[in-house]
Amino acid sequence: MTSPLPVLSGMRPTGKLHLGNYWGALVPWIKLQNSGEHRCFFMVADLHALTTGYEDTKDLQQNIHDMVLDWLAAGIDPEKSTLFVQSQIPEHSELSLILSMITPLGWLERIPTYKEQLREISGREIATHGFLGYPVLQAADILMYKARAVPVGEDQLSHLELTQEIARRFNRLYGDIFPEPKALLGLAPRVPGLDGRKMSKSYGNAVELSDTPEVLWPKIQRMFTDPAKLRANDPGHPEGCVVYALHKIYNAEASVREQECRDGRIGCVACKKHLLSLMEPLKDIQERRAQLAQNPARVREILDEGTRRARSVAQQTLAEVQTALHLRPLHP
Ligand code: TRP
Ligand code: SF4
């Protein structure tokens, strides 16, 4: 038997997760975990959260707890996967510093997420050293576990490419230590927010995993639909309709709905009510979450145990790196 390929992915601790996080990240993680072909490391990227959120850190522990509750409730299994907190493994910071030595500024400055966020985040000073170095820290996360595969969203592709470049440069300078990680894309459907833009907490257009039907229904009512479809028997255009985008995820017969909409055989209100009932399985996750929430010490334990396991891998990799760079005194 070949040994399982290491997989690493991470999420910034933003608190409770929304459906975009769930379908875009958690579901692919759970599939990899359950495939049995991978050794999965799932990381709480709390240091990455500091790069843009360094001013106000008071909710960090609560956000980590809330996010990990969602991971566990959704099906991340600490028996199968290693869950850990980035900042609790100081080797991440050290490897990041070492990698920063061999990373030209130009590589970082041309990364699209960097330029975009500099433009978009206003009112906060984010033109910091740490923010520019965000993808170097991410490269350290990935290379630390010699991950072969990294499930990410499309927005992270440039960070993966940078990681590959850093790995190549490192190996050329100091010897073959890091295998090149591949991005695993396309495992996830796109979940638009209520208004049709990308689902995001900061846009206020998110459906949270923990939304009960009472909270969910008014949100479904607000969802952007075909503005030209005024009456139930007007023909509609499901493309661009947020309700339909969710039908594609939750309704095994979405193509039937698509045709009914086009033919003017269903109205938006009925279509929305149907969606509400299709999303009932969220209840299972919520029930598991409520149960887990009663035992916060257990969540702490899971993270501590995962962090211990991950750290022993990290220490081993860092030792190899230090040896390769002659940062370790030779034994007599
Ligand atoms: N930058 C990622 C995001 O915002 C989070 C992250 C941090 C990550 N380190 C990682 C993802 C390593 C994959 C691998 O989504
Ligand atoms: Fe969207 Fe359904 Fe209305 Fe068609 S019928 S526009 S799919 S909500």
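Here are legends for three close-up views of this structure.

This is a predicted model, where local features need pLDDT of at least 70, side-chain atom pairs count only at pLDDT 80 or more, and totals for chains, interfaces and linings use all residues. Residues are numbered from 1 along each chain as its sequence is written, and side-chain values use heavy atoms, with hydrogens and water left out.

**View 1. Who lines the second largest pocket?** Its lining is made of 17 residues, with Ser96, His129, Gly130, Gly133 and Tyr134 nearest the centre. (A pocket is an open set of points on a 1 Å grid over the protein atoms alone, where a 1.4 Å probe fits, with protein on both sides within 12 Å along at least five of seven lines; lining residues have an atom within 4 Å of a point.) Helix H4 (90-101) is among the helices that supply at least two lining residues, and H4 gives the most, with four. (Helices are DSSP runs of H or I, at least four residues, numbered from the N terminus.)

**View 2. Helix H13 has a buried face.** Cys271, Lys272, Leu275 and Leu278 are the buried residues of H13 (residues 268-278). Looking down the axis of H13, they fall within an arc of 115°, so they line one face. (The arc is that of the directions from the helix axis to the C-beta atoms.) Flip to the other side and you'll find Val269 and Lys273 exposed. (Buried means under 20% relative accessible area and exposed over 50%, with a 1.4 Å probe and protein chains only.)

**View 3. Two cysteines are tucked away.** Cys261 is buried at 13% relative accessible area, and Cys271 is buried too, at 11%.

How values were computed
Chains are lettered from A and ligands numbered from 1 in the order in which they are written.
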